Amino acid sequence: MAEEVQKHSVHTLVFRSLKRTHDMFVADNAKPIPLDEESHKVKMAVKLRTEYGSVLHMPTLKENLREKGGANTGDPYGHKQYPGNQGQEVEYMVTGTHPYPSGPGVALTADTKVQRMPSESAAQSLAVALPASQSRLDANRTAAGVGDIYRHAGISERSQPPGMSVAMVEAGGNKNSALMPKKAPTMPKPQWHPPWKLYRVISGHLGWVRCIAVEPGNQWFVTGSADRTIKIWDLASGKLKLSLTGHISTVRGVIVSARSPYLFSCGEDKQVKCWDLEYNKVIRHYHGHLSAVYGLDLHPTIDVLVTCSRDSTARIWDVRTKASVHTLSGHTNAVATVKCQAAEPQIITGSHDTTIRLWDLVAGKTRVTLTNHKKSVRAVVLHPRHYTFASGSPDNIKQWKFPDGNFIQNLSGHNAIINTLAVNSDGVLVSGADNGTMHLWDWRTGYNFQRVHAAVQPGSLDSESGIFACVFDQSESRLLTAEADKTIKVYKEDDTATEETHPVSWKPEIIKRKRF
């Protein structure tokens, strides 16, 4: 009777197969394949014959000729080398341009010594005598290389780019770069960042918390909510200090001025308000938007406020006079986010029409339109130190370089609707999404070093776990998130973590520089 075969579940069998595959390939992440000498020799011989056949008859190493007394020497790939005047020290004479310039403006140089076509032996002598650096200089200085003159005698010089042959027969003991084995490409290793952990949950709002801002003195922070209120909280204790009422719909944006005791807010009621924090009253309204106002930002050096709206425009306001300085039109759908900076371009907007626009503040016109995203751009963040910025969309987070919006890299993996981005000086980029997930990235390499999905508050539905806004405090030691479960969550770095206890589980294949 045959032995009974032990039955395993499909899950066990699949896992076993995965584990075997993993064990088989885990050690070979970044190791180059060992070089097989024989096949490498054959490959180099073929390469020499096909790419350098025309100059193989010319000697390449002056040292070999001196050491071996001018005897014929062979290279390691089986090709003979012929010395130019054996056993004697050669002083080359050909230093000028082609005796007959190929066109106007190509004059003979002052140090031209020979006004005739060089012979084969002279060309070989030159190749032997020229050191590597000298040959490069002469190749740059003269209209055509010596090899060109020798091989193309009587033919137009334009048939081959100048300096080509000199580069091929470069002497002086330097190996030709084309024959050197290429290194396997390696990705930069990400900087280690300590993981972030949740240490406080602040409740008090009666609706989704849509926006958050920390005041410049780092004493308190302000939140705006779907319950139509603006609340001011003590940053150290998390206690409520003040509630401001005045909006008649969801508050979508708040920001505190560093230049005056003002708080600015905007909402879905089309209103933009300026609050005087000495009296806790609205002192100015900015009228003009035709639909819900989704975001706002203050210019760091001049008294200018920028707002963006569902009416597909962004508006620039003079804070003092309440006048609308410019209406930035060009987007074809709601403008979801706007950012200001002191350097050009001073205004950056991201829109549901999938584009990002960089604006000229003075002219009120678009400088650059970036069309790389395939879906709505709801978040833009500027790096506090580098002249770069990032944009968040459900397809990818992309990094860009100012001032022209040159693409740097994609940060792939946060497959959700990204509502908010924040970055600190240490290079930690945070992306918060509609499904409640938060990813933390290393800015330089784009490595995703931590993923967080905090539990919703008791009494809330699991679907109410969206993150609408996140911001670092002024010390950059705390991270505050505004969430759909009506809470504000505060995170801080884990002080006990070290690189040994939380190593970077870094694999080169994870960090991909995917283009557009």
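These legends accompany several close-up views of a predicted model.

**Figure 1. The whole protein is built from 7 helices and 30 strands.**
Let us start with the complete chain before moving in. Of the 516 residues in the protein, 49% are buried. The accessible surface comes to about 26700 Å², and carbon and sulfur atoms contribute 53% of that area. When contacts with a separation of 6 or more are considered, 49% of them join residues 24 or more positions apart. Salt bridges were searched for across the whole structure, and 8 were found.

**Figure 2. Strands E16, E17, E18 and E19 form an open sheet.**
The 4 strands follow the order E16-E17-E18-E19, and their pairing is antiparallel. Strand E16 (335–340) and strand E19 (365–370) are the edge strands, and each of them pairs on one side only. From one strand to the next, the twist averages 25°.

**Figure 3. Strand E18 has paired neighbours in E17 and E19.**
Here we stay with the same sheet and look at E18, which spans residues 356–360. Strand E17 (residues 347–351) is joined to E18 by 4 bridges, with the two running antiparallel. On the E19 side, 5 bridges make the connection, and these strands run antiparallel as well. Ile356 is a handy residue to find in this view: Gly350 stands opposite Ile356 in E18, while Ile356 itself stands opposite Leu370 in E19. A little further along, Leu358 faces Val368 of E19 as its opposite residue. How much of E18 is covered? The strand is mostly covered, with 4 of its 5 residues buried. As a reminder for reading the side chains, those of a regular strand alternate between the two faces of the sheet.

**Figure 4. Two hairpins flank E18, and each contains a residue with positive phi.**
The hairpin of E17 and E18 has 4 residues between its strands, and Thr354 adopts a positive phi near 75° there. The hairpin of E18 and E19 also has 4 residues between the strands; in this one, Gly364 has a positive phi near 70°.

**Figure 5. Strands E8, E9, E10 and E11 make up another open sheet.**
This sheet has 4 strands in the order E8-E9-E10-E11, paired in the antiparallel sense. Which strands stand at the edges? They are strand E8 (251–256) and strand E11 (281–285); each has a single partner strand, so one side of each is left without a neighbour in the sheet. The twist from one strand to the next averages 30°. E8 pairs with strand E9 (residues 262–267) over 5 antiparallel bridges. Within that pairing, Ile255 has Phe264 in E9 as its bridge partner.

**Figure 6. Arg252 of strand E8 forms a salt bridge with Glu268.**
The closest N and O atoms of Glu268 and Arg252 are 2.7 Å apart. Glu268 sits in the loop between E9 and strand E10 (272–276), whereas Arg252 belongs to strand E8, and the two are 16 residues apart. Glu268 counts as partly exposed because its relative accessibility is 31%. Arg252, at 19%, falls under the 20% limit and therefore counts as buried.

**Figure 7. Lys197 and Asp494 bring distant parts of the chain together in a salt bridge.**
Their side chains meet at 3.7 Å, N to O. Lys197 lies in strand E3 (residues 196–203) and Asp494 in the segment after strand E30 (487–493), with their positions 297 residues apart in the chain. Is Lys197 buried or partly exposed? With a relative accessibility of 38%, Lys197 counts as partly exposed. Asp494, in turn, counts as buried at 14% relative accessibility.

**Figure 8. Asp473 and Arg478 form a salt bridge between buried residues.**
The closest N and O atoms of this pair are 3.1 Å apart. Asp473 counts as buried at 2% relative accessibility, and Arg478 counts as buried at 18%. Elsewhere, Arg259, Asp303 and Arg320 are linked in a network of salt bridges.

**Figure 9. Val10, Val14 and Leu18 make a nonpolar surface patch.**
The patch measures about 300 Å². Val10 is found in helix H1 (residues 10–25). Val10 counts as exposed because its relative accessibility is 65%.

How values were computed:
Residues are numbered from 1 along each chain as its sequence is written. This is a predicted model: local features need pLDDT of at least 70, side-chain atom pairs count only at pLDDT 80 or more; totals for chains, interfaces and linings use all residues. Side-chain values use heavy atoms; hydrogens and water are left out. Two strands pair if DSSP finds at least two bridges between them. Axes are lines fitted to C-alpha atoms, for helices over the stretch in contact, and angles run from 0 to 180 degrees between N-to-C directions. Patches are made of residues with over 30% relative accessible area and no salt bridge: like charges are joined within 9 Å, nonpolar side chains (Val, Leu, Ile, Met, Phe, Trp, Tyr) within 5 Å. Accessible areas come from the Shrake-Rupley method with a 1.4 Å probe; for residues, only the protein chains shown count as cover. A salt bridge is a side-chain nitrogen of Lys or Arg within 4 Å of a carboxyl oxygen of Asp or Glu. Buried means under 20% relative accessible area, exposed over 50%, partly exposed in between (1.4 Å probe, protein chains only). Contact means heavy atoms within 4.5 Å.
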